[in-house]
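Subject: Structure handover

Hello,

Here is the structure for you to look over. Please open it next to this email.

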Amino acid sequence: MTEAAISFARGESTEEETRDIDLEALVGSICDDQSDLGKPVSFVEGVKTTYRCRPDGLRRAVRNLVENAVRYGGEARVLIRHTAATIDIVVEDRGSGIPDLMKEKVFTPFFRLEASRNRDTGGIGLGLSIARAAARQHGGDISFVTGEGGMQAVLSLPRDGRVETPAVPNGRDWKSLRGSIGLRAPNLAEKPTKPRTQH
């Protein structure tokens with residue numbers, strides 16, 4: 001809780017360099033990590049996509065959305081969707097969703113939508129604030145779509161991989177669970193990944 005608050009106040013990841021990564025590998029590794037922890041998280045594998053970004057900041061944003069979906073929606077199903085203008089990282093859950101009037105309010109630091117969230121789930125209301133900050137550093141944003149079967153949190157990124165300089169103080173980077181995922185040769189010593197659902 002303390003680390004999350006300090007990280008948000010410092011505007012972490014502002015010093016991280018941009019580089020080309022395999023976006024499918026980055027998002028898939030987050031889902032694998034959560035699944036290995038026993039959480040109901042799945043990744044729908046698609047087309048390999050090379051993307052220029054700040055990997056640690058983007059990783060943290062996606063992880064926060066996935067953890068949010070599991071905490072409040074019971075599960076997370078993650079996929080990458082390509083449109084004419086954006087690359088969307090979509091996190092689906094089976095929760096009741098967020099009321100339309102609150103879809104902006106939930107990004108306010110320390111805000112928790114207790115009317116539709118379980119107080120026992122924990123959290124201090126910084127996950128979405130941190131995720132949106134990271135998305136906007138990349139020239140993107142986060143939106144919510146509620147349907148009959150649950151909700152989608154959509155992290156939209158510009159196709160050209162634009163990264164903007166944020167107007168917040170520098171801070172230390174969080175450590176990811178497996179380190180950053182880049183364009184590198186596979187490590188044959190790593191354990192095999194679990195089969196993923198195909199489109």
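Below is what was found, starting with the overall layout and then going element by element.

**Overall layout**

Please keep in mind that this is a predicted model. The protein chain has four helices and eight strands. Read from the N terminus, the order is α-β-α-β-β-α-β-β-α-β-β-β. The chain has 199 residues, and 46% of them count as buried.

**Strand E7 and its partners**

E7 covers residues 150-158. Eight of its nine residues are buried, so the strand is mostly covered. E7 pairs with strand E5, residues 86-93. That pairing is antiparallel and has eight bridges. To find your place in it, take Ile87, whose bridge partner in E7 is Leu157.

E7 also pairs with strand E6, residues 141-147. These two run antiparallel as well, joined by seven bridges. Here Val145 has Gln152 of E7 as its bridge partner. The link from E6 to E7 is a hairpin of two residues.

**Helix H3**

H3 spans residues 55-73. How far apart are its end C-alpha atoms? They are 26 Å apart. At 1.5 Å a residue, the 19 residues should span 27 Å, so the model agrees with the expected span. H3 is mostly covered, with 16 of its 19 residues buried. Just after the helix comes Gly74, with a positive phi of about 85 degrees.

Arg71 and Tyr72 are worth a look on screen. The charged end of Arg71 sits over the ring of Tyr72. The distance to the ring centre is 5.9 Å.

**Helix H2 and Ser29**

Ser29 lies in helix H2, which is residues 23-36. Is Ser29 buried or exposed? Its relative accessible area is 5%, so Ser29 is buried, the cut-off being under 20%. The side chain of Ser29 makes a polar contact with that of Arg59, at 3.3 Å.

**Helix H4**

H4 takes in residues 127-137. This helix is mostly covered too: eight of its 11 residues are buried. Among them are Leu128, Ile130, Ala134 and Ala135. The buried set also includes polar or charged names to check by eye, namely Ser129, Arg132 and Gln137. Just after H4, Gly139 has a positive phi of about 80 degrees.

**The loop between E5 and H4**

Pro99 sits in this loop. With a relative accessible area of 41%, Pro99 counts as partly exposed, because that class lies between 20% and 50%. Pro99 and Phe144 are 45 residues apart in sequence. In space, their C-alpha atoms are 9.8 Å apart.

**Cysteines and aromatic pairs**

How many disulfides does the structure hold? Zero. Two cysteines can still be placed by accessibility. Cys31 has 2% relative accessibility, so Cys31 counts as buried. Cys53 is buried as well, at 0%. The count of aromatic pairs is also zero.

Best wishes

Note on methods
Residues numbered from 1 in each chain as written. Predicted model: local features only at pLDDT ≥ 70, side-chain atom pairs only at ≥ 80, totals over all residues. Heavy atoms only, no water. Buried < 20%, exposed > 50% of the residue type's maximum accessible area, 1.4 Å probe, protein only. Pairing = 2+ DSSP bridges. Disulfide = S-S within 2.5 Å. Phe/Tyr/Trp six-rings, centres within 6.5 Å; stacked < 30°, edge-to-face > 60°. Lys NZ or Arg CZ within 6 Å of the ring centre and 35° of its normal. Expected span 1.5 Å × (residues − 1). Polar contact = N/O pair within 3.5 Å; in protein donor to acceptor, adjacent residues only side chain to side chain.
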